[in-house]
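Reader: Hi! I have a model open on my screen and would love a hand with how its helices and cores are put together. Could we go through it step by step?

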Amino acid sequence: MSETPNTAFSLEGRKVWVAGHRGMVGGAIVCRLAQEPCEIVTAGRETVDLARQTEVEDWMENARPDVVVVAAAKVGGIGANDSLPAEFLYDNLMIEANILHGAWRTGAAKVLFLGSTCIYPRLAPQPIPEDSLLTGPLEETNQWYAVAKIAGVKLCDAYRRQYGADFISAMPTNLYGPFDNFSLENGHVLPALLRRIHEAKEARARSVTVWGTGKPLREFMHVDDMADAAVFLLRHYSREGPINVGTGREISIRELAETIASVVGFEGTLDFDSSKPDGTPRKLTDVGRLSALGWQASTELRGGLEQTYRWYLDNLAGTGLERARPAAGG
Ligand code: GFB
């Protein structure tokens with residue numbers, strides 16, 4: 001299949017439903033779409049519970065969006081994934097199945113489903129090409145989330161094949177930015193460390209704990225880049241299978257913690273708690289397919305961290321809150 005951009009899809013005059021607009025990713029996509037000549041619709045959890053099929057069907061029947069972005073999901077870091085397997089599998093299966101089936105029933109012209117690079121095998125070749133999907137065992141800690149997201153990719157493919165529906169799936173690398181979940185136990189590594197290191201600085205602590213050995217490698221992308229890629233893909237991409245969205249650059253957890261300490265201004269030491277899981281050893285996406293279409297991430301990690309830390313200081317630090325918006329899913 002060719003990588004030639006399909007520029008046929010226009011957002012002009014379209015009604016675009018961003019499912020999961022209260023989450024970090026959905027919220028950023030809503031902001032990015034505000035620059036486009038389309039109408040944006042959203043529905044909070046009080047209006048529609050995305051895990052309930054009849055509620056989703058009724059809402060979609062009524063709203064009839066032309067375009068659907070599936071950014072709603074139960075998400076979290078390694079701790080949450082490992083300790084809430086039923087929620088990560090069940091909630092994500094229900095949310096994606098209800099929305100994708102509803103989009104087909106109501107004749108949506110385009111659907112973008114968002115997954116995660118944890119769909120790929122734990123020991124996939126690096127950088128990870130899209131065609132390594134289902135070629136090996138998954139990482140144990142987040143297999144539940146991964147299986148649900150693989151099912152979402154396959155649902156998109158199945159509706160494409162059987163009904164000719166223009167459903168696409170994008171797999172973002174580890175994302176961060178404003179409106180992230182800054183929970184110390186359940187958040188992803190970047191917001192959790194940003195908060196822990198900030199609190200250690202405020203408490204004038206001599207050291208701060210970092211989970212695991214610090215050796216795993218991860219790729220971090222600012223959520224505004226993801227939102228820009230989402231709009232680009234809606235316009236220019238139409239084919240089966242996942243497409244990776246990342247920066248193509250990786251950093252160890254140790255280096256991430258050191259960079260955060262420098263941004264925050266924490267001068268103490270880092271203690272690595274190897275009783276906590278490392279997760280997958282390396283997860284660098286092959287972004288060749290997306291680059292060939294003409295899109296690249298633009299936010300450097302250091303600048304993105306500085307902006308996110310400023311946002312954290314302005315919105316959450318000292319409030320006792322872990323997030324500024326209710327969780328995604330609705
Ligand atoms: O973002 P994270 O939780 O998840 O990062 P994954 C986990 C890595 O960061 C492990 C280390 O190597 C941890 O040992 N780490 C260090 C910490 N300190 C901390 C901390 O305070 N909190 C956290 N959470 N980790 C996720 C999947 O995998 O990737 C999700 O679990 C999703 O489902 C996401 O797919 C993109 O990068 O391992």
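**Helix packing and cores**

Author: Happy to! In this predicted model, helix α8 (residues 253–264) packs against helix α10 (residues 301–315) at an angle of about 50°, and their axes are 10 Å apart.

Reader: How is α8 oriented to α10, then?

Author: Oblique: the angle is about 50°, and angles from 35 to 65 degrees fall in the oblique class, so α8 is oblique to α10.

Reader: And which hand does the crossing of α8 and α10 have, left or right?

Author: That crossing is right-handed.

Reader: Nice. Which residues make the contact?

Author: From α8 there are Leu256, Thr259, Ile260, Ser262, Val263 and Val264, and α10 brings Leu301, Arg302, Leu305, Glu306 and Tyr309. Sorted by class, the contact has 7 nonpolar, 2 polar and 2 charged residues.

Reader: Switching topic: how many residues are in the largest nonpolar core?

Author: There are 35, and Leu11, Ile29 and Val245 have the most contacts inside that core. Elements that each supply at least two of its residues include β1 (15–19), α1 (24–33), β5 (167–172) and β10 (242–245).

Reader: Which element gives the largest share of this core?

Author: That is α7, with 9 residues.

Reader: Back to Val245, what does it touch?

Author: Leaving out residues up to four places away in sequence, the partners of Val245 include Ala170, Met171, Pro172, Met226, Leu233, Leu290 and Trp295.

Reader: Cool, and what lies apart from that core?

Author: Another core, of 32 residues, with Val48, Met60, Ala72 and Leu100 among them.

Note on methods
Residues are numbered from 1 along each chain as its sequence is written. This is a predicted model: local features need pLDDT of at least 70, side-chain atom pairs count only at pLDDT 80 or more; totals for chains, interfaces and linings use all residues. Side-chain values use heavy atoms; hydrogens and water are left out. Axes are lines fitted to C-alpha atoms, for helices over the stretch in contact, and angles run from 0 to 180 degrees between N-to-C directions. Helices (H or I, at least four residues) and strands (E, at least two) are DSSP runs, numbered from the N terminus. Angles under 35 degrees count as roughly parallel, over 145 as roughly antiparallel, 65 to 115 as roughly perpendicular and the rest as oblique. A crossing is left-handed if the near helix is turned anticlockwise from the far one by less than a right angle, and right-handed if clockwise. Contact means heavy atoms within 4.5 Å. Ala, Val, Leu, Ile, Met, Phe, Trp, Tyr, Cys and Pro count as nonpolar, Asp, Glu, Lys and Arg as charged, and the others, Gly among them, as polar. A nonpolar core is a set of buried Ala, Val, Leu, Ile, Met, Phe, Trp, Tyr and Cys residues joined through side-chain atoms within 4.5 Å. Buried means under 20% relative accessible area, exposed over 50%, partly exposed in between (1.4 Å probe, protein chains only).
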